[in-house]
Amino acid sequence: MKISVVGTGYVGLVTGVSLSHIGHYVTCIDIDETKVEKMRQGISPIYEPGLEELMKENIQAGRLFFTTSHQEGFRDVDVIYIAVGTPEKEDGSANLSYIEQAVRDIAANITKDIIVVTKSTVPVGTNHYIKELLISLVPKHINVEVVSNPEFLREGSSVYDTFHGDRIVIGADSEEAAKVIEEINKPFGIPIFKTDIKSAEMIKYASNAFLATKISFINEIANICEKLGADVESVARGMGMDKRIGSMFLNAGIGYGGSCFPKDTKALTQIAANLDHNFELLKAVIKVNNHQQRILIDKARERFGSLTGKRIALLGLAFKPNTDDMREAASIVISKELIAEGAKVVAYDPVAVENAKKVLPQEVIYTESIEDALENADMVFILTEWSQIKELDLNIYVQKMKQPIVFDGRNCYSINEVQQYPIEYHSIGRKPIYNYQFQTV
Ligand SMILES: NC(=O)C1=CN([C@@H]2O[C@H](COP(=O)(O)OP(=O)(O)OC[C@H]3O[C@@H](n4cnc5c(N)ncnc54)[C@H](O)[C@@H]3O)[C@@H](O)[C@H]2O)C=CC1
Ligand SMILES: O=C(O)[C@H]1O[C@H](OP(=O)(O)OP(=O)(O)OC[C@H]2O[C@@H](n3ccc(=O)[nH]c3=O)[C@H](O)[C@@H]2O)[C@H](O)[C@@H](O)[C@@H]1O
């Protein structure tokens, strides 16, 4: 099948590369010339494990192409995927201007019947709007069908997720169009769930909102565990053994960030509000998350009083490991607040520094290694559970820091392990360890 994909961000590029890998001929279109130039050479503009290898393989096999020209990209294709961004507007609702532009680009350039597949996360009703807009713009003899095919990949494991997903959701009003998209996806060997367009659109928001709810729920449990002297990791394990609950997404920490949970939860409360429905549960999930992102600062203030003049090392800046994505990362809120309070912030991340420089306060100092970040620090905040940080020899904290006081926002180390070192250790939903103080008393 000849396919084109509009937008080569995390979703579009992974979609395009994966579809070419299962045998389709795919042209990826992006308006960003530098990005396209890189991709033509087999260089991925984003950090995603395994993506570049697959890109190179399929470019060489003659199945994967990149262009900035919509006219060239849409030539002779049967199906066009839309994967442009749907960022949040100031009121929390989804900004559909990129979608609208993509639709206009499609309408201006197609010359035969087409199926348009929406991968981007869009509010319920958007696919019907896309179809209406297309019909109003294209010549009468061209037949247009629109299919909702929401994406469930996670950043950092997007290639794996695409080939090992739990389901592919196809929302269509036309049975023939649904069948075409089903055939395209069959080689992935993943269960396909077909439904109507509005339900497919809602499945995406409901799934993200539910996962966000799980995270805020376990974070609330963690905060109570701390007061009770219980251990949230044991609690989560014990809960997760019940298949009805499931063990995934019960990692307590400094809350969820990233390009999707924050934006999609807000968009869903807005979708509900437009229908005069007050989605109280989801609003509470968002509120809990906003508080949780700052929880290490509260802990540090409680421990030190003022943070003014303190040298604070931040380990990990990306919103999660294995990505260079800084969108809505807790490190943004944390570094801004620390700088505003007059702390000296020294930061390390293995891959996200270039993106971090664009969004963190300019006072933040970046280091090339964990050791350099820890040098002479009064305390360290662990913000992302990179494997480099999880596998660290804990002696480093003792050797490098002015005082080995660790605030671990991602529960990177087991309590038993930390107990063996002269460290003061504060984590999430677990008892604090005061071995450093103990030694110095
Ligand atoms: N990032 C993620 O992990 C996931 C994202 N999604 C959804 O997928 C959509 C895309 O997200 P990302 O890939 O993160 O976006 P992104 O912002 O990383 O990439 C969007 C790309 O589209 C390009 N673009 C914009 N307008 C264009 C046009 N008219 N023609 C050609 N290219 C155009 C931009 O230059 C950019 O490269 C969003 O709706 C998001 O909510 C869904 C699941 C996972
Ligand atoms: O719509 C999207 O864009 C995507 O959003 C999430 O994927 P992603 O944001 O890439 O990453 P996750 O692994 O879900 O993590 C999101 C945030 O939640 C946090 N998290 C995750 C799991 C957990 O147990 N605890 C926790 O705090 C992570 O640290 C991270 O900040 C969903 O998992 C994907 O299914 C979805 O396609």
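Start at ligand 2 and select Phe152. A polar backbone atom of Phe152 sits 2.7 Å from an oxygen atom of ligand 2. This is a predicted model, so read every distance here as computed from predicted coordinates.

Add Lys204 to the selection. An N or O atom in its side chain is 2.7 Å from an oxygen atom of ligand 2. Then add Lys320. Here a polar side-chain atom lies 2.8 Å from an oxygen atom of ligand 2. Now switch on the surface. Ligand 2 taken alone exposes 700 Å², and the protein buries 91% of that.

Widen the view to the shell. Ligand 2 is surrounded by 19 residues, and the closest are Phe152, Leu153, Glu155, Lys204 and Cys260. Colour them by class: nine are nonpolar, four polar and six charged. Next, highlight α9. With three residues, α9 gives the most to this shell.

Now colour by domain. Where does ligand 2 lie relative to domain 1 (2–195) and domain 2 (196–440)? It lies between them, because both domains give residues to its shell.

**Ligand 1**

Move to ligand 1. Select His70 first. One of its polar side-chain atoms lies 2.9 Å from a nitrogen atom of ligand 1. Glu155 comes next, with a polar side-chain atom 2.8 Å from a nitrogen atom of ligand 1. You have met Glu155 already, among the closest residues to ligand 2. Finish with Lys263. An N or O atom in the side chain of Lys263 is 2.7 Å from an oxygen atom of ligand 1. Bring the surface back: ligand 1 alone exposes 840 Å², of which the protein buries 90%.

Show the whole shell of ligand 1. It holds 28 residues, and Asp30, Lys35, Thr86, Glu155 and Lys263 come nearest. The class count is 11 nonpolar, nine polar and eight charged. Keep the domain colours on. Domain 1 (2–195) and domain 2 (196–440) each provide at least three residues of this shell.

Which helix gives the most to the shell around ligand 1? Select α5: it gives three residues. Then show α1 (10–21) beside α5 (97–109) in your selection. Each supplies at least two residues of the shell.

**The second largest pocket**

Leave the ligands and select Asn223, Glu226, Lys227, Lys299 and Glu302. The second largest pocket holds about 480 Å³ of space. Those five residues are the closest to its centre, out of 19 that line it. Now pick out two helices. α9 (197–228) and α13 (295–304) each supply at least two residues of the lining. α9 is also the helix that gives the most to the shell around ligand 2. Colour the pocket lining by class to see six nonpolar, five polar and eight charged residues.

**The cavities**

End inside the protein. The structure holds three cavities of 30 Å³ or more. Go to the largest cavity, with about 40 Å³ of space. What lines the largest cavity? Select Thr118, Ser120, Thr121, Val122, Asn127, Ser148, Pro150, Glu201 and Lys204. By class, this lining has two nonpolar, five polar and two charged residues. Stop on Lys204. Lys204 lines the largest cavity, and its side chain also has an N or O atom 2.7 Å from an oxygen atom of ligand 2. That returns you to the starting point.

How values were computed:
Residues are numbered from 1 along each chain as its sequence is written. Chains are lettered from A and ligands numbered from 1 in the order in which they are written. This is a predicted model: local features need pLDDT of at least 70, side-chain atom pairs count only at pLDDT 80 or more; totals for chains, interfaces and linings use all residues. Side-chain values use heavy atoms; hydrogens and water are left out. A residue is near a molecule or strand if one of its heavy atoms lies within 4 Å of it. A polar contact is a pair of N or O atoms within 3.5 Å; within protein, one must be able to donate a hydrogen and the other to accept it, and residues adjacent in sequence count only if both atoms are side-chain atoms. Accessible areas come from the Shrake-Rupley method with a 1.4 Å probe; for residues, only the protein chains shown count as cover. Helices (H or I, at least four residues) and strands (E, at least two) are DSSP runs, numbered from the N terminus. Ala, Val, Leu, Ile, Met, Phe, Trp, Tyr, Cys and Pro count as nonpolar, Asp, Glu, Lys and Arg as charged, and the others, Gly among them, as polar. Domain bounds come from an automatic or database domain assignment. On a 1 Å grid over the protein atoms alone, a cavity is a set of points where a 1.4 Å probe fits but cannot get out, and a pocket is an open set with protein on both sides within 12 Å along at least five of seven lines; lining residues have an atom within 4 Å of a point. Grid points are joined across faces, edges and corners, and a volume is the space filled by probe spheres set on the points.
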